[in-house]
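Here is my note on the structure you sent. The points are numbered so that you can reply to each in turn.

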Amino acid sequence: MNSELIDQLSTQLGSNGLPYTIPIHPNLVHLTLGLFIIGITFDIVGVLFPLEIWVFKYFAITVKRANFFDVGWYNMVASSIITFFTVAAGFYEMLLAAPPTDVKSAWGLQAMQTMIWHGIGGVFLLALIVGMTIWRGCQRYIWDKQAYKQTDREVQWIYLFAGIAIMFIMFVHGTLGAQLATEFGVHNTADNLLRLGQDLNTTLK
């Protein structure tokens, strides 16, 4: 956003450049990541259940294959819902960002380029997660109920491979977000105070 417009809000913004103490977007990001990864992981465990059942019996863990698929499904739904808030908070905080213009990231990108790619990536990932949730719902409530189905495996292998591929995209996308915070100091309280020439030992007490 234009620095002059941010200056107009300066009296309402804290040391991190936001009207609140702790950035919301990074915290919601970890919810999105955690829920999605747990969802895919439990579906993988459910698919491999016949190979792992002896492990559960050895540790006297009473569990059914359907339990893993339940966890996979509900985590995917939760990830899909929370990601709308994650993306919305990300765009709001990005509009209030005032990164330095003379710095390049480890990937050779300037701040604006990094924010644009991170924003586009966020919308793209939102679409992928919602698409995966719809796909997961079809497998759970439609295809799983078909009369010719001969197994209690609820998800397809191609769905799991797609989930793993999305995790890699999340890694790349998350790296861009991390660069915004660490290399450009976007909404980083300590970084902003240092740029203003203030002493962290006294300011952050």
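1. Start with a cut-off. Buried means under 20% relative accessible area, exposed means over 50%, and partly exposed is the range in between. Tyr-159 has a relative accessibility of 0%, so Tyr-159 counts as buried. Keep in mind throughout that this is a predicted model.

2. Overall fold. The chain has eight helices and zero strands. In sequence order the pattern reads α-α-α-α-α-α-α-α. The chain has 205 residues, and 36% of them count as buried. Take the contacts with a separation of 6 or more: 74% of them join residues 24 or more positions apart. The exposed surface of the chain comes to about 12100 Å². Carbon and sulfur atoms supply 69% of that area.

3. Aromatic pairs. How many aromatic pairs does a search of the whole structure find? The count is four. One of them joins Trp-135 and Tyr-159. A pair of aromatic rings is described by the distance of the centres and the angle of the planes. For Trp-135 and Tyr-159 the centres are 5.3 Å apart and the planes are at 90°, an edge-to-face arrangement. The pair links distant parts of the chain. Trp-135 sits in helix α5 (residues 111–141) and Tyr-159 in helix α6 (residues 157–182), with their positions 24 residues apart.

4. The two partners of that pair. Are Trp-135 and Tyr-159 buried or partly exposed? Trp-135 has a relative accessible area of 22%, so Trp-135 is partly exposed. Tyr-159, at 0%, is buried.

5. Main core. The largest nonpolar core holds 13 residues. Which residues have the most contacts inside this core? They are Phe-36, Met-132 and Tyr-159. Tyr-159 thus appears here as well as in the aromatic pair with Trp-135. Two or more residues of the core come from each of α2 (24–47), α4 (65–95), α5 and α6. The most comes from α6, with four residues.

6. Met-132 in detail. Set aside the neighbours within four places in sequence. Met-132 is then in contact with Phe-36, Ile-40, Met-76, Tyr-159, Ala-162, Gly-163 and Ile-166. Phe-36 and Tyr-159 in that list are also named among the core residues with the most contacts.

7. Second core. Another core, of six residues, lies apart from the largest one. Among its members are Ala-97, Met-115, Phe-184 and Val-186.

8. Ser-105. This residue lies in the loop between α4 and α5. Its relative accessibility is 7%, so Ser-105 counts as buried. Beyond the neighbours within four places in sequence, Ser-105 is in contact with Thr-114, Gln-179, Glu-183 and Phe-184. Phe-184 is also a member of the six-residue core.

9. Ile-120. Helix α5 contains Ile-120. At 49% relative accessibility, Ile-120 counts as partly exposed. How far apart are Ile-120 and His-173 in sequence and in space? They are separated by 53 residues in sequence and by 9.6 Å in space, C-alpha to C-alpha.

10. Surface patch. Which residues form a nonpolar patch on the surface? Tyr-74, Tyr-141, Ile-142 and Trp-143 do, with about 440 Å² of accessible area together. Tyr-141 is found in helix α5. Its relative accessible area is 46%, so Tyr-141 is partly exposed.

Note on methods. Residues are numbered from 1 along each chain as its sequence is written. This is a predicted model: local features need pLDDT of at least 70, side-chain atom pairs count only at pLDDT 80 or more; totals for chains, interfaces and linings use all residues. Side-chain values use heavy atoms; hydrogens and water are left out. Buried means under 20% relative accessible area, exposed over 50%, partly exposed in between (1.4 Å probe, protein chains only). Contact means heavy atoms within 4.5 Å. Accessible areas come from the Shrake-Rupley method with a 1.4 Å probe; for residues, only the protein chains shown count as cover. Rings of Phe, Tyr and Trp (its six-membered ring) pair if their centres lie within 6.5 Å; planes under 30 degrees apart count as stacked, over 60 as edge-to-face and the rest as tilted. A nonpolar core is a set of buried Ala, Val, Leu, Ile, Met, Phe, Trp, Tyr and Cys residues joined through side-chain atoms within 4.5 Å. Patches are made of residues with over 30% relative accessible area and no salt bridge: like charges are joined within 9 Å, nonpolar side chains (Val, Leu, Ile, Met, Phe, Trp, Tyr) within 5 Å. A salt bridge is a side-chain nitrogen of Lys or Arg within 4 Å of a carboxyl oxygen of Asp or Glu.
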